[in-house]
Amino acid sequence: MQTIYEGKASIWFPSANEVFYNPVQEFNRDLTCAVLTEFARETLSLRGARVVVPGEKERVVVCLSDEKNGTKGEEASVPQEEEERKEACLRTASVGERCEEGLRVLEGLAASGLRSIRFALEVPGLKSVTANDCSAKAVALIARNTQHNGVSHLVQASQRDASMVMYEARGRNERYDVIDLDPYGSPSPFLDAAVQAVSEGGLLCVTCTDMAVMAGNNGETCYSKYGSVSIKSKYCHEMALRIILHSLDERANVYQRYVEPLLSVSVDFYIRVFVRVRTGQAKVKNSASKQALVYNCVGCGAFHLQRMGKSMCQGKHMKYSAATGPPVGVSCEHCGQRHQLGGPIWAEPIHNMEFVQKVLAAVSGNPSRFGTSKRIEGILSMITEELEDVPLYSTLDHLSSTLHCNTPSMLLFRSALLHAGYRVSLSHACKNAVKTDAPAGVLWDIMRCWEKNNPVKREKLSETSPSYRILSTEPVLQACFDIRADANPQSRKRHLTRFQENPQANWGPKARAKAGGGISTELEERRKQFQGKRKCQISDSSQLKSFPCKKFRKGTCTYGEKCCYSHTPEKSPSPGDAAEG
């Protein structure tokens with residue numbers, strides 16, 4: 001048994017891998033506590049209570065005096081007797097105290113219970129927290145740690161199927177104000193129950209760690225889980241966010257409900273979304289126009305969105321009709337290659353900027369509250385700089401690699417777009433992202449102008465390649481690469497922590513918990529064997545014998561003993577290796 005400290009909580013944890021715990025997701029839990037605090041602040045203010053956060057400074061209300069007072073531009077305090085009376089009438093909700101007007105929270109897949117205990121210790125304005133898990137060992141650990149942290153009056157351990165807990169809470173008076181789903185892998189089996197069990201205007205928090213599926217490696221599997229086809233592309237991480245938002249909205253629509261994204265982040269090896277769930281038959285009719293198919297060129301990577309529906313305002317009424325299309329021809333107008341079809345995906349804004357600003361202000365004003373405050377501030381700052389109405393993005397390295405030319409600096413490329421009269425921003429989901437409202441033709445014109453100053457060897461290009469076809473066209477736009485001051489965003493100027501470096505060896509998703517505890521030595525050896533395999537290139541072919549032969553595993557290898565890869569049979573897992581929550 002070992003003790004783990006995170007935030008305000010201290011958790012007794014078994015040394016064996018009997019209950020799942022991943023220390024890398026401390027950022028996930030910190031961000032959730034920050035979001036939940038701001039959600040509680042908004043919700044409880046409507047219920048006649050205000051939250052008190054330790055270490056948070058009192059907000060001072062100031063205003064600019066009017067021009068007619070002769071002191072224009074000076075900051076002056078304004079008497080707030082009425083506001084003070086209102087504040088005095090409000091009941092206060094402090095951390096660790098049960099609030100009768102507070103939030104009812106459900107963590108459907110609690111595992112060690114660390115997240116639920118941190119809610120009780122760090123988030124004010126809670127009425128109850130239900131930490132549920134189907135594993136008996138996990139529930140026993142939750143009960144033990146709840147008593148250890150002194151939050152038994154707020155946190156209740158529950159051993160049940162998460163879907164059944166939510167299905168039984170579908171009644172209007174039984175719904176939860178907040179539901180948090182952070183499963184090992186895909187949350188898709190729980191989404192139908194979750195969108196029904198959240199209260200009106202309640203908060204639904206969902207994590208997806210099956211990024212291989214959502215990022216395009218298995219489009220058919222993604223469709224079976226989320227009702228959307230993922231495609232391999234440079235914008236795959238933002239597309240994954242839009243896929244889960246589409247799936248949530250689609251399932252909510254069945255029950256005349258819809259979602260409003262508050263914050264959507266793609267970090268490390270997972271994605272995390274925070275959405276409000278509301279009810280309204282009229283609003284649900286807008287959902288078709290919020291979804292879009294994606295046409296992606298396999299040659300140059302240019303993409304186009306096709307809305308699934310069309311809505312028009314006619315006086316006081318809305319008229320709905322089928323969308324018109326397609327937005328592209330049989331082949332790409334830039335390189336002549338074919339298109340892939342992906343989606344549907346959520347095509348509306350994925351953040352509520354007003355809410356994000358509130359979370360950012362609270363974290364930056366109280367940095368000692370979380371261990372990952374600097375990273376939260378950096379990512380939220382980047383999110384506030386993103387273009388809200390521009391879905392997906394291109395990447396600078398992909399544009400240059402398509403033409404086989406040198407890569408311009410981000411400042412030069414962003415400046416060229418701004419000089420051309422277009423908007424541009426970075427994206428928190430990708431370091432080299434270029435999110436802009438400029439069409440693909442403008443991006444290629446800028447790259448053509450760049451290539452004229454940094455020419456490639458045309459004789460080495462195939463006449464059927466995308467680079468040859470793109471460079472064979474003269475640019476319509478003459479790009480200006482003079483650096484503009486507004487091309488460098490504030491988050492970059494302030495050197496904020498925007499993109500996390502790998503914090504430790506063998507970093508990434510951890511092994512699923514299993515009944516007997518521990519991790520098989522075979523899995524550990526395989527991890528060490530493949531960790532950084534691209535960085536350490538093999539020069540001696542005899543070293544290949546340490547790697548398993550994929551064709552031998554499938555029974556299709558015809559080389560026999562002459563094969564340069566290993567034909568050692570892999571051990572089949574025993575029945576005792578079943579996973580526990």
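**Close-up 1. Strands β7 and β8 lie side by side in this predicted model.** Strand β7 covers residues 98–107 and strand β8 covers residues 126–132; the two pair in the parallel sense over six bridges. For a landmark along this pairing, look for E107, which stands opposite A131 in β8. Once you have found β7, follow the chain into the loop between β7 and α3 (114–122), where G113 is found. Is G113 buried or exposed? Its relative accessibility is 0%, so G113 counts as buried. A143 is a handy second marker here: G113 and A143 are 30 residues apart in sequence, and their C-alpha atoms are 8.5 Å apart in space.

**Close-up 2. Seven strands form an open sheet.** Reading across the sheet, you meet the strands in the order β9-β8-β7-β10-β11-β13-β12, with mixed pairing. Which strands sit at the edges? They are β9 (155–158) and β12 (257–267), each of which pairs on one side only. On average, neighbouring strands of this sheet are turned by 20 degrees against each other, direction ignored. As general background for this view, strands of a sheet pair through backbone hydrogen bonds, either parallel or antiparallel.

**Close-up 3. Strand β11 pairs with β10 and with β13.** Strand β11 (residues 198–208) is mostly covered, with ten of its eleven residues buried. Strand β10 (residues 176–181) runs parallel to β11, and five bridges join the two. Within this pairing, I179 stands opposite L204 in β11. To get from β10 to β11, the chain passes through helix α6 (residues 188–197), and this β-α-β crossover is right-handed. Strand β13 (residues 270–279) is joined to β11 by seven bridges, and here the strands run antiparallel. To find your place in that pairing, start at T207 and look for its bridge partner in β13, R272.

**Close-up 4. E238 contacts K435 in a buried setting.** Helix α9 spans residues 236–253, and E238 is found in this helix. Why does E238 count as buried? Its relative accessibility is 2%, and the cut-off for buried is under 20%. Zoom in on the side chain of E238 and you will find a polar contact with the side chain of K435, at 2.8 Å. Leaving aside neighbours within four places in sequence, E238 is in contact with V390, P391, L392, Y393, S427, A429 and K435.

**Close-up 5. Strand β3 has a covered face and an uncovered one.** In this strand (residues 49–52), A49 and V51 make up the covered face, while R50 and V52 make up the uncovered one. It helps to remember that in a regular strand the side chains alternate between the two faces of the sheet. Strand β6 (residues 91–94) runs parallel to β3, and four bridges join them. V51, from the covered face, has A93 as its bridge partner in β6.

**Stepping back. The whole protein gives these close-ups their setting.** The secondary structure comes to 20 helices and 21 strands. Of the 581 residues of the protein, 50% count as buried. How much of the accessible surface belongs to carbon and sulfur atoms? The accessible surface comes to about 28600 Å², and 50% of it belongs to those atoms. Among contacts between residues at least 6 apart in sequence, 69% join residues at least 24 apart.

Key:
Residues numbered from 1 in each chain as written. Predicted model: local features only at pLDDT ≥ 70, side-chain atom pairs only at ≥ 80, totals over all residues. Heavy atoms only, no water. Buried < 20%, exposed > 50% of the residue type's maximum accessible area, 1.4 Å probe, protein only. Polar contact = N/O pair within 3.5 Å; in protein donor to acceptor, adjacent residues only side chain to side chain. Contact = heavy atoms within 4.5 Å. Pairing = 2+ DSSP bridges. Right-handed = clockwise from strand over helix to strand, strands pointing away. Areas by Shrake-Rupley, 256 points an atom, 1.4 Å probe, with all protein chains shown as cover. Axes fitted to C-alpha atoms, helices over the stretch in contact; angles between N-to-C directions.
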